[in-house]
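Please look through the structure shown here with an eye to its overall build first and to its charged side chains afterwards.

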Amino acid sequence: MTAETQTSIQREALELLEWPRLAQHVASFASTAAGRTLAAALPLAASREDSLRLLAETTELLALDGLTEGGLSFQGAADLRRTLLLCAKGGVASGDDLLEVASTLAAARRLRRQIDDPELRPISTALVEPLRTLPELEQRLRFCIEDGGRVADRASPPLSELRRQIAAARAERRDRLNELLRRYASLLQDSVIAERNGRPVLAVKAGAGSQLPGLVHDSSASGSTVFIEPQPVIALGNRIRQLEGEERDAERVVLQELSTLVAEEVPALEHLQQVLVQLDLAVARARYGAWLGAVRPELEADPLAPLQLEGLRHPLLLWQEKKLGEKAVVPVSVRVSRDLRVVAITGPNTGGKTVTLKSVGLAALMARAGLFLPCQGTPRLPWCAQVLADIGDEQSLQQSLSTFSGHVRRIARILEALPATQSALSESAGASLVLLDEVGAGTDPTEGTALAIALLRQLADRARLTIATTHFGELKALKYNDPRFENASVAFDVESLSPTYHLQWGIPGRSNALAIATRLGLDAAVLEEASTLLAPRGEGELNQVIAGLESQRQRQQEAAEEAAALLARTELLHEELLQRWQQQKEQSAELQEQRRQQLERSIRDGQKEVRRIIRRLRHGQGADSSSLGETARRAGQKLKQLEQQHRPLPERREHRGWLPKVGDRVRVLSLGKAAEVLALSEDGRELTVRCGVMRLNLELSAIEGLHGEKPEPPQAQVAIRSRRNPASRGPEVRTERNTIDVRGMRVHEAEAAVEEHLRAANGPVWVIHGIGTGKLKRGLREWLAGVSYVEKVSDAAQADGGQGCSVIWVK
């Protein structure tokens, strides 16, 4: 089969699965015109490695887009293809086009700063790392082109001089015209200076036209007014016209020079444009997946790997549900083992068979294109190099094709596109997925059944997975003769005479014609005779077997749901019991601590009283006093012994890795009392506690937990904070080399200059921005707050400029 024919059948499959419609949905999330164009085509990856890279891009940018306030912005990024082509051929770009080049360079630099993080976003960082954002070119373009695309006066001294002359000539002409307005006021219809053919004119009464010498440019519709350019300003007008022509030539010289600069950087700009479009598409994929509530799939390298899609929802129907508020989409679960090759789905019309086909096909294509899948859990499937489909009515009057002929012609091309045998499958070639709707339909049922069976057996030998929908009952029996076949069906509610759209795995669909006819009140005699005619063919018994299987499956599903609910309740009860036990344990420890503290207070009060008695007796006289003093001293010693006896011995337990936190209650070993942790040192080896009214600074080894936990000092960690050699860090004093003056620049110009300086810096950088209105300082501070490699920014010392200078500390 030729490559063109193979591409043709795959392109037809994309149309049948409505892939272009899904691509339009993704394109609606793109930010740039070029990104929308690429997303509308939504290219498929050529290899599994490319698909994995696209999925990694989607994952990384989804996380970054969610963390960035307002999301990743592509503001300023323009489609430069036409401008670059014009400049490359030696043409002259307009001021607006050149300004778009500058804004695109600024957007690329901003996005690179946001994305650049090799540890968190290795794939996206590798994409933006080689970008050249050409700050010198951007500065030159913004210096020469003003907002609105006008060439600035400062772009060229000759241009500035010409514009000065034009402004002076126009001012002189305006003064002369005002003088003529006053002199000939009685001859004028209006005191306003009008313009005709780009020349200033006065509205003169028709009868007085000869009294004002000059050039007639126009007259009113009524003929009562003529518009005359007075003779005294005609020469000035001609001079202004000449100067304006010279101005255009001078502007063209500037634009030619800038276009040449752009032409010299066309390769870098084309690469930058390509990266921006790729990033825009990746962000669009991420936002589309987040909007659908989709999850990242796992793409297996083995083409024969199992396929597992739990709770898969058709993405186009899900779009309609979310966007248009239509009926909720019923999810289906597809589980295909390694040895399974063909799944035959049976059931009534409009029951969801074709939707299941398209859902599986779109899932394989979405995973290949780097999109997340609207599934539950983690979807797993092999990388599919080919998704081939025959869905819908292929009747064609122009080609004299019947429905059956159209299907056969397409199926023939599908067989030509497949490898000859399963052994031809390899990891590089990928898996083949074939989707057939109503296989064998459109002809005599007997012949159609035979053709369908032969076709499915052939596909079982050549494709990784074939999913076919059918109404032929004979296809249900293939499962029992060949382990590579499996049955599935869409459920049908006989009571409501409507499909439920649920996919029943492992159970063939049964005919519901007689049940529907009975519910609709068809004559009983007709129904009885129909049942009699089905009996010899065994259809009645087969339907009874299928009904029994469905009933058994329903009971098993209900039992599984009950078991899951019971397990969930058990887990909740277990968690509640653990919480209560922990609370009681903490309350018991707290109560014991309170009692111990109460006893200690009583003992201290007793000791104070004993000391008071001893002091009073010492001032007394006689033997009785000495005897009572000795008795009081012994009572004090007894109280000390009681205090020592009731001081709790801490439980000696091993708690590896325990460290107190601010707010925890701990025991101070030297005092044997509880205290509250107020602060921890940066290295975690010292802490500040409050014990009663005392505030103590202690080492970590001087405390333990209330339950005897021994703290373990944190491991010393070596943090590599910069890729620069620490030994080569620059001086932390201001020098000419680490100082940059941005006074007089715009904010974006200052950002570009500072960024280039920071990338080469190996120490703090002093930025002189002045005080002024503070706009430049605020703009730089806001930008620096988002730069990942900047540690902090502060005002310089008073001797170095104070508030008019900022010191930037790099990591």
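Buried residues, meaning those under 20% relative accessible area (exposed means over 50%, partly exposed in between, with a 1.4 Å probe and protein chains only), make up 43% of the 811 residues in the protein. This is a predicted model, in which local features need pLDDT of at least 70 and side-chain atom pairs count only at pLDDT 80 or more, while totals for chains, interfaces and linings use all residues. Residues are numbered from 1 along each chain as its sequence is written, and side-chain values use heavy atoms, with hydrogens and water left out.

The protein contains 21 helices and 23 strands, which are DSSP runs numbered from the N terminus (helices H or I, at least four residues; strands E, at least two). If a contact is taken as heavy atoms within 4.5 Å, then, of the contacts with a separation of 6 or more, 68% are between residues 24 or more positions apart. About 43600 Å² of the protein is exposed, and carbon and sulfur atoms supply 51% of that area, as found by the Shrake-Rupley method with a 1.4 Å probe, where for residues only the protein chains shown count as cover.

Turning to the charged side chains, the structure holds 40 salt bridges, each being a side-chain nitrogen of Lys or Arg within 4 Å of a carboxyl oxygen of Asp or Glu. In one of them, R287 meets D65 at 2.9 Å, N to O; because R287 lies in helix α11 (residues 266–292) and D65 in helix α4 (residues 48–67), the pair ties together parts that are 222 residues apart in sequence. D65 is buried, with a relative accessible area of 14%.

Another salt bridge joins the side chains of R170 and E244, at 2.4 Å from N to O. R170 belongs to helix α9 (residues 157–183) and E244 to helix α10 (residues 231–264), so this pair ties together parts that are 74 residues apart in sequence. Here R170 is partly exposed, at 37% relative accessible area, whereas E244 is buried, at 17%.

K661 also forms a salt bridge, with D664, and the closest N and O atoms are 3.8 Å apart; K661 is exposed, with a relative accessible area of 53%, while D664 is partly exposed, at 23%. Elsewhere, salt bridges that share partners link E146, R150, D153, R163, E247 and E251 into one network.
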